[in-house]
Amino acid sequence: MNEMPAGTRSVIVEREIPFPPEKIWRALTQPHLIEEWLMKNNFKPVVDHRFNLSADWGGVDCQVQTVEPNRTLSYSWDTKDLESVVTWTLTPTNTGTHLRMEQVGFRPDQEPYYRGATVGWKRNFTALEQLLSRID
């Protein structure tokens with residue numbers, strides 16, 4: 001993994017989700033499902049696969065870094081000014097899964113990105129949970 005420069009910050013969102021890791025993993029790795037809660041994409045859960053996320057506001061260039069099915073997924077998340085890494089960690093619990101997302105790499109001069117990600121990821125989590133309740 002790329003080392004992040006000193007002074008960078010992370011956005012972390014964690015939730016208990018009442019579904020098994022396998023189901024959440026599908027929503028994190030299947031392109032048609034990712035599109036429903038995040039953005040249009042050409043994702044493949046293959047290390048080094050380069051993919052793009054696209055939305056009305058623009059796009060994100062990404063590259064898969066870690067794939068441990070039903071456990072860990074990470075990818076670089078680069079926009080024109082921001083180089084960061086998003087890591088998903090799935091931990092089974094008695095009632096479902098503890099899902100943790102961490103995006104690292106926000107520099108001190110990137111407060112708008114940091115604030116945007118803080119709000120955006122919470123919204124994405126809500127959309128992800130709604131999707132999970134609809135799919136089998």
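Arg9 is partly exposed in this predicted model, with a relative accessibility of 32%. Its side chain meets that of Glu111 in a salt bridge, with an N to O distance of 2.3 Å. A search of the whole structure finds 8 salt bridges, and three that link distant parts of the chain are described below.

**Strand β1 and helix α3**
- The bridge between Glu111 and Arg9 spans 102 residues of the chain, joining helix α3 (residues 111-134) to strand β1 (residues 9-17).
- Glu111 has a relative accessible area of 28% and is partly exposed.
- Arg9 and Glu111 also belong to a network of salt bridges that includes Arg115.

**Strand β1 and strand β7**
- Glu14 forms a salt bridge with Arg100, and their closest N and O atoms are 3.7 Å apart.
- This pair connects strand β1, which holds Glu14, with strand β7 (residues 96-106), which holds Arg100; the two residues are 86 residues apart.
- Glu14 is partly exposed at 43% relative accessibility, and Arg100 is partly exposed with a relative accessible area of 24%.

**Helix α2 and helix α3**
- Arg134 and Glu36 meet through their side chains in a salt bridge of 2.6 Å, N to O.
- Arg134 lies in helix α3 and Glu36 in helix α2 (residues 31-37), with their positions 98 residues apart in the chain.
- Arg134 counts as exposed because its relative accessibility of 54% is over the 50% cut-off.
- Glu36 has a relative accessible area of 46% and is partly exposed.

Terms used: Residues numbered from 1 in each chain as written. Predicted model: local features only at pLDDT ≥ 70, side-chain atom pairs only at ≥ 80, totals over all residues. Heavy atoms only, no water. Salt bridge = Lys/Arg side-chain N within 4 Å of Asp/Glu carboxyl O. Helix = DSSP H or I, 4+ residues; strand = E, 2+ residues; numbered from the N terminus. Buried < 20%, exposed > 50% of the residue type's maximum accessible area, 1.4 Å probe, protein only.
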